[in-house]
Amino acid sequence: MSTSDKLVPVVEAKTTSYAVTSADFGKFLTTRGAGGAITFTLPAVVSGFKGAYVDFYNVADQDMIVAGTAGELVTFNDAAANSVAYSTSSEQIGACVRAFCDGTSWLMILMAEETATMTVAT
């Protein structure tokens, strides 16, 4: 089966902080090549985003933060977070999170291959 026979997400590396747009929905964004911390900033939620998602994967041995509009992120034990960060030394590479919009919030789904410490800011 060739890649043209199945749905293959667009993979893009970001080496500096980046404001996610609706054009990024369905993409797999990485930090490959980053020389410092990367913050991915999600757009403010609107009902039309329901069902949209973006995946974030940390390839660089740097902090990776996914931020949103204040109180719009839902993550483990926090229904009104501002950001999630992977910044624990030796737990950065391989950290992966999906931001999935339910039309009201960005639901943050941890998808790391290994246990990675995710720091939540409210």
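A good place to start is K14, whose charged end sits over the ring of Y18, 4.0 Å from the ring centre; a charge counts as over a ring if NZ of Lys or CZ of Arg is within 6 Å of the ring centre and within 35 degrees of the ring normal. R98 is placed over the face of Y53, with 4.2 Å to the ring centre. The model is a predicted one, in which local features need pLDDT of at least 70 and side-chain atom pairs count only at pLDDT 80 or more, while totals for chains, interfaces and linings use all residues. Residues are numbered from 1 along each chain as its sequence is written, and side-chain values use heavy atoms, with hydrogens and water left out.

Rings also meet one another, in 5 aromatic pairs (rings of Phe, Tyr and Trp, the last by its six-membered ring, with centres within 6.5 Å; planes under 30 degrees apart are stacked, over 60 edge-to-face and the rest tilted). One of these pairs joins F25 and W106 edge-to-face, at 5.9 Å centre to centre and 65 degrees between the planes. The partners come from distant parts of the chain, 81 residues apart: F25 lies in the loop between β2 (18-19) and β3 (28-30), W106 in strand β11 (residues 106-110). Strands (E, at least two residues) are DSSP runs, numbered from the N terminus. W106 counts as buried because its relative accessibility is 0%, whereas F25, at 21%, counts as partly exposed (buried is under 20% relative accessible area, exposed over 50%, partly exposed in between, with a 1.4 Å probe and protein chains only). Ring pairs link F25, F49 and W106 into a cluster.

Note on methods. Helix = DSSP H or I, 4+ residues; strand = E, 2+ residues; numbered from the N terminus.
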